[in-house]
Amino acid sequence: MFDSITLGQYYQTDSVLHRLDPRVKLVGTFTYLISLFVVKSFWGYLLAAMFLFVMIKLSNVPFRYIVRGMKTILFLLLITVCFNLFLTPGEVIWQFSIFKITREGLSFAIKMALRLSLLILGSSIMTLTTTPTQLTDALETLMKPLRKVHVPVHEIAMMMSIALRFIPILMEETDKIMKAQIARGADFESKNIVKKIKSLVPLLVPLFISAFRRANDLAMAMEARCYRGGEGRTKMKPLVYCAKDRVAYFILLAFFVVCILTRIFL
Amino acid sequence: MGIKVDDICFLYERGTAMQVRALDHISVEIPDDQFIGLIGHTGSGKSTFVQTLNGLLKVTSGHIYYNGEDIDGEKFDRKKLRSDVGLVFQYPEHQLFEVDVITDVCFGPKNLGLSESEARSRAIEALESVKMSKSLYKASPFDLSGGEKRRAAIAGVLAMRPKILILDEPTAGLDPRGRDEILGLIAEMKKERNMTIILVSHSMDDVARYVDRIMVMGGGKILYDDEPVKVFRHVKELEDLGLAAPQITYVMKLLKERGLDVNTDVLRVKEAAAEILAHRRELHV
């Protein structure tokens, strides 16, 4: 039922990107997203697109798989393009009754579409090559300095990883309860909006109950194993930078500098 | 008429690297008024198989006929199928949601379009069938004990008056007493209501005492489909599948190996006792 959602899912394979330290990937993704707002010229976008293309090739994730995840945001993309295309004032190059396209609008729309697609593709490369556990680990280490100002960094990371871990479980549970209620004659395909909302009650009540039950069980299991938060806690797989991570940081820095240069000179 | 399954296959995650063939060319006939045990190890495809029977999962290839009609046919009334073929899922108590037990049991009949009073009378009838005490009709389903919850959930399906009742691991997670209670109820329902019952389980001991016919599944195929005593003659092969014959069958086999000429085709402890006593003269004690 839910197997069409590929956006933000981990793709199991082996590649340079998969083996990279998750901190590098997290910092890298942020740098990339910022650089997309730094560049202004078409040359800059071309550079960003090339960079992403190389990353996709390096990630060993099939291109088709990545693009399939884009389908979900196609609608959003279309709206943005239309608004920019028709509503930007400037030199008119095409007109049909009240619809007119301006030169500025056209270039703006193309840039906007490029920026949005690159943004989404760029961040999905991270989630496709990094497991949620690695990601929260990286986040925790990167945010460590915030502990000085009493931000519960470990607890936030723990909550995040639990939340992420529970998404597939709850999806499975939804599927199961849905089937059980369909077997009792429930109708989830009704077009009538009132009926549709009503039909969600037999689904949501058991789902919430099971979520609370699972949360309870998990809390109990954690306490039984003497979990008591982040203080003095060691890791089974501590994050350690190695040579390829430093190289990756260097490449990132170089990319970012070039992006800034394109903005200044092109 | 019953159900006729003709060469069905079912694939999970079709067309991806994770593709799994859960059902592999299954053909079988399920006539009316039979008590069937469907047995298989975890992952053998038994849950998938029963979900295809009432149309919850659409088969990848092949056909299923209910009373001679193809259930994937355009004119076929799937709602009718779902009320006729009742499916009780694993841990059915997780589907309870209403404020009290009787309203929850009414959910099924109401979905069939029955009036309030008729739904209620069917609910009461179903709750009586599962021996729910009257004092609990108005209790919240979440205040019941594990065994009571399960019986309430089974009543929820029973209230739709299915002609074929499928129970997927109805005894999972229950203590021995709760298990015997549920199995006893099911056997009684079978006698009273003359319906076909398919009992899905991985425990031979659960099933052997009650059913007329056993289907053994493994790797998405039906490997054995016969009377219980005949199926249990394949002890060795069943063990290779991660299953076992009932404990009493093992006792009888051991006795026979030690030289006591007993009949090993027995499934119930009482029969076994009678059989051993009949041979007591040969016992050297």
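Buried area is the accessible area (1.4 Å probe) that two parts lose on being put together, summed over both. Keep that in mind for the exercises below. This is a predicted model, in which local features need pLDDT of at least 70 and side-chain atom pairs count only at pLDDT 80 or more, while totals for chains, interfaces and linings use all residues. Residues are numbered from 1 along each chain as its sequence is written, chains are lettered from A and ligands numbered from 1 in the order in which they are written, and side-chain values use heavy atoms, with hydrogens and water left out.

**Exercise 1. Describe the interface of chain A and chain B, working from its area to its residues.**

Step 1. Start with the area: about 1,700 Å² is buried between chain A and chain B, and carbon and sulfur atoms give 62% of it. On the chain A side, A:K179, A:A183 and A:R184 supply 40% of the area that this chain buries against chain B, more than any other three residues.

Step 2. Next, count residues in contact, meaning heavy atoms within 4.5 Å. Chain A brings 18 residues and chain B brings 21.

Step 3. Now look for charge pairs. A salt bridge is a side-chain nitrogen of Lys or Arg within 4 Å of a carboxyl oxygen of Asp or Glu. The rule finds one across this interface. A:R184 and B:D104 meet through their side chains in a salt bridge, at 3.1 Å from N to O.

Step 4. Add the polar contacts, each a pair of N or O atoms within 3.5 Å; within protein, one must be able to donate a hydrogen and the other to accept it, and residues adjacent in sequence count only if both atoms are side-chain atoms. Four residue pairs across the interface, both at pLDDT 80 or more, are in polar contact.

Step 5. Finish with the elements. Helices (H or I, at least four residues) and strands (E, at least two) are DSSP runs, numbered from the N terminus. In chain A, α8 (153-183) and α9 (193-224) each supply at least two residues of the side that touches chain B. The most comes from α8(A), with eight residues.

**Exercise 2. Describe how domain 1 and domain 2 of chain A meet.**

Step 1. Find the bounds, which come from an automatic or database domain assignment. Domain 1 covers 1-130 + 241-266, and domain 2 covers 135-235. Their C-alpha centres lie 30 Å apart.

Step 2. Count the contact residues: nine come from domain 1 of chain A and eight from domain 2 of chain A.

Step 3. Take the area. The two domains of chain A bury about 850 Å² between them, with 88% of it on carbon and sulfur atoms.

Step 4. Check for pairs. The rule finds zero salt bridges across this domain interface, and zero residue pairs in polar contact (both at pLDDT 80 or more).

Step 5. Locate the main contributor on domain 1. Helix α2 (residues 22-38) of chain A gives the most to the side that touches domain 2, with four residues.

**Exercise 3. Is A:H18 buried or exposed, and what does A:H18 touch?**

Step 1. Place the residue: A:H18 sits in helix α1 (residues 16-19) of chain A.

Step 2. Apply the cut-offs: buried means under 20% relative accessible area, exposed over 50%, partly exposed in between (1.4 Å probe, protein chains only). A:H18 has a relative accessible area of 8%, so A:H18 is buried.

Step 3. List the neighbours. Not counting residues up to four places away in sequence, A:H18 touches several residues, among them A:Y10, A:K25 and A:L128. Its side chain also makes a polar contact with the side chain of A:S15, at 2.7 Å.

**Exercise 4. Which parts of chain B does the salt bridge of B:E125 and B:R193 link?**

Step 1. Check the distance: the closest N and O atoms of B:E125 and B:R193 are 3.3 Å apart.

Step 2. Place both ends. B:E125 is in helix α4 of chain B and B:R193 is in helix α6 (residues 176-193), 68 residues apart, so the pair links distant parts of the chain.

Step 3. Compare with another salt bridge, that of B:D240 and B:K236, at 3.6 Å from N to O. B:D240 and B:K236 both lie in helix α9 (residues 235-240) of chain B, four residues apart, about one turn of the helix.
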